[in-house]
Amino acid sequence: DFLCISLVNGFIQLRYNLGDRTVILQTLQKVHTNGNTWHLLNAGRVGNEGYLDLDGINVTREASPGMNALDTHSDFFVGGVSSLYLANPMATENEPTGFTGCIREIVINNRELNLTVTDPKGGANIGDCDGTDCGYTVCKNNGTCQVENSGFSCSCPREWTGTMCEQSIHCSQNMCGSHALCIPQPTSFSYTCACALGWTGRYCDNKIKFYIAKFVGNSYIKYSDPLYGKRDLQYSRLSLNFTTNQTEGLIAWMGKSEEEDNDFLAVGLANGTLKVVINLGERISVPLMHSKYFTCSDGRWHFITVVQNQTCIKVYLDEELILFEDIDPQRKYTALNYGGICYFGGFEIGREVNIVTTGLFQKEFIGKIKDVVLFQDSKKIQLMKAEGYNIHDGNSGN
């Protein structure tokens with residue numbers, strides 16, 4: 001399988017092969033080769049339907065039956081490949097040759113690549129395209145860069161300050177402690193402090209311990225499974241206790257959640273109903289919904305266990321089997337490659353649950369979680385030792 005974007009006789013071509021045939025799309029117009037015109041290119045695929053957009057002029061290829069997953073395990077190359085003979089003969093129209101020109105702002109699946117000297121895995125024969133200290137995105141948040149004798153300076157929009165316009169004016173005089181992030185609140189011309197795991201208080205200066213994690217809506221815990229390399233990923237298991245009085249919320253997400261093709265096992269509430277969704281490779285799972293409404297949003301403790309036995313999924317609620325389904329009798333994908341990452345309650349600050357989960361869940365979890373066990377481990381995971389923000393001690397009171 002491959003996906004390749006190339007310049008052919010002045011036109012941009014997108015070529016991809018998902019395992020059965022090579023699809024070719026070409027722009028309607030040529031690019032300017034005068035060396036001083038920047039072009040905006042959007043290219044990709046949804047399933048096996050491709051799209052190619054150069055400066056707002058779009059070309060698409062209607063999907064036809066066939067493969068719809070890109071199975072690649074190679075590095076991602078920009079501008080050329082380490083050895084030209086590595087390129088699939090169908091990836092380019094002519095003999096493959098390295099790109100000559102400038103490239104900036106590469107975004108893959110909503111994540112921007114850092115095109116610096118140190119961030120890429122490797123490379124060769126790359127120079128500085130801008131030629132000045134300003135570069136491309138030195139000044140953040142739409143700041144304007146000016147070259148000066150000593151380097152550069154940024155002229156910042158009204159809401160931002162700092163040498164690179166990286167700080168909100170609402171956080172410039174913040175009193176958040178060293179275990180906190182300052183979150184600007186522009187509508188009220190103020191800020192709030194988001195406390196790192198194990199800290200609480202208005203300015204996050206009170207140390208706490210907890211065994212029950214209380215989530216208040218802009219909270220999350222990100223746990224890295226130290227035993228991931230030893231797991232049998234065809235037989236996964238997640239169990240925990242939770243309590244909430246909300247009808248919507250993401251309780252747990254096993255998976256990296258970096259790209260839309262990442263495997264995951266997700267548990268949450270939708271319309272007061274327990275919802276379990278699993279992706280073992282191609283988002284093939286139809287969400288599993290518990291039929292009894294509002295049984296989980298009653299403020300009582302509930303015990304949930306999700307068991308994945310290859311493509312067979314069992315869900316237990318309060319030790320009663322409530323869902324049992326084979327999500328893919330063809331057994332095309334049978335392992336939950338979750339990357340050793342588990343999220344509880346939501347995702348990192350600034351990442352909205354409904355966007356990251358593409359609408360599978362609407363909002364962050366508000367409530368309490370305890371007694372989380374992965375696989376058949378004899379010990380509960382220590383949520384205190386994970387990464388997270390805005391987690392309160394749920395042991396005492398409400």
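# Burial, pairing and salt bridges

Biologist: Is K380 buried or exposed?
Modeller: The relative accessibility of K380 is 52%. Buried means under 20% relative accessible area, exposed means over 50%, and partly exposed lies in between, with a 1.4 Å probe and protein chains only. Because its 52% is over 50%, K380 counts as exposed.

Biologist: What kind of model is this?
Modeller: Residues are numbered from 1 along each chain as its sequence is written, and side-chain values use heavy atoms, with hydrogens and water left out. Local features need pLDDT of at least 70, side-chain atom pairs count only at pLDDT 80 or more, and totals for chains, interfaces and linings use all residues; the model is predicted.

Biologist: What distance separates the centres of domain 1 and domain 2?
Modeller: The protein is divided into domain 1 (2–112), domain 2 (180–208) and domain 3 (213–393), with bounds that come from an automatic or database domain assignment. Taken over C-alpha atoms, the centres of domain 1 and domain 2 are separated by 44 Å.

Biologist: Which residue forms a salt bridge with K380?
Modeller: A salt bridge is a side-chain nitrogen of Lys or Arg within 4 Å of a carboxyl oxygen of Asp or Glu. The closest N and O atoms of the pair are 3.0 Å apart. The partner is partly exposed, at 24% relative accessibility. K380 forms this salt bridge with D371.

Biologist: How many residues apart are K222 and E348?
Modeller: K222 and E348 form a salt bridge whose closest N and O atoms are 3.3 Å apart. This pair links distant parts of the chain, with K222 in strand β17 (residues 213–224) and E348 in the loop between β26 (341–344) and α1 (353–356). Helices (H or I, at least four residues) and strands (E, at least two) are DSSP runs, numbered from the N terminus. The separation of K222 and E348 along the chain is 126 residues.

Biologist: How many salt bridges does a search of the whole structure find?
Modeller: Side chains of opposite charge can pair when their charged atoms come close. One such pair is D326 with R331, whose closest N and O atoms are 2.8 Å apart. D326 is partly exposed at 27%, and R331 is also partly exposed, at 36%. Over the whole structure, the number of salt bridges found is nine.

Biologist: Which residue of β25 is the bridge partner of C312?
Modeller: Two strands pair if DSSP finds at least two bridges between them. Strands β24 (residues 312–317) and β25 (residues 320–326) pair in the antiparallel sense over six bridges, and D318 takes a positive phi near 50° in their hairpin, which has two residues between the strands. In β25, the partner of C312 is D326.

Biologist: To which residue's backbone oxygen does the side chain of R45 reach?
Modeller: R45 is in strand β4 (residues 41–46) and is buried, with a relative accessible area of 16%. β4 is joined by six antiparallel bridges to strand β5 (residues 49–54), and the turn of their hairpin holds a residue with a positive phi of about 65°. At 2.7 Å, the side chain of R45 reaches the backbone oxygen of that turn residue, G47.

Biologist: Which residue in β6 stands opposite Y51?
Modeller: β5 and β6 pair in the antiparallel sense over five bridges. Their hairpin has two residues between the strands, and D55 takes a positive phi near 55° there. Opposite Y51 in β6 stands T60.

Biologist: How far apart in space are V277 and F361, C-alpha to C-alpha?
Modeller: V277 lies in strand β21 (residues 273–279) and counts as buried at 3% relative accessibility. V277 and F361 are 84 residues apart in sequence. In space, their C-alpha separation is 9.9 Å.

Biologist: What accessible area does the nonpolar surface patch that includes F76 have?
Modeller: F76 lies in the loop between β6 (57–61) and β7 (107–108) and is exposed, with a relative accessible area of 55%. Patches are made of residues with over 30% relative accessible area and no salt bridge, like charges being joined within 9 Å and nonpolar side chains (Val, Leu, Ile, Met, Phe, Trp, Tyr) within 5 Å; accessible areas come from the Shrake-Rupley method with a 1.4 Å probe, and for residues only the protein chains shown count as cover. L7, F76, V78, F99, I103, L113 and L115 form this patch, and together their accessible area is about 610 Å².

Notes:
A polar contact is a pair of N or O atoms within 3.5 Å; within protein, one must be able to donate a hydrogen and the other to accept it, and residues adjacent in sequence count only if both atoms are side-chain atoms.
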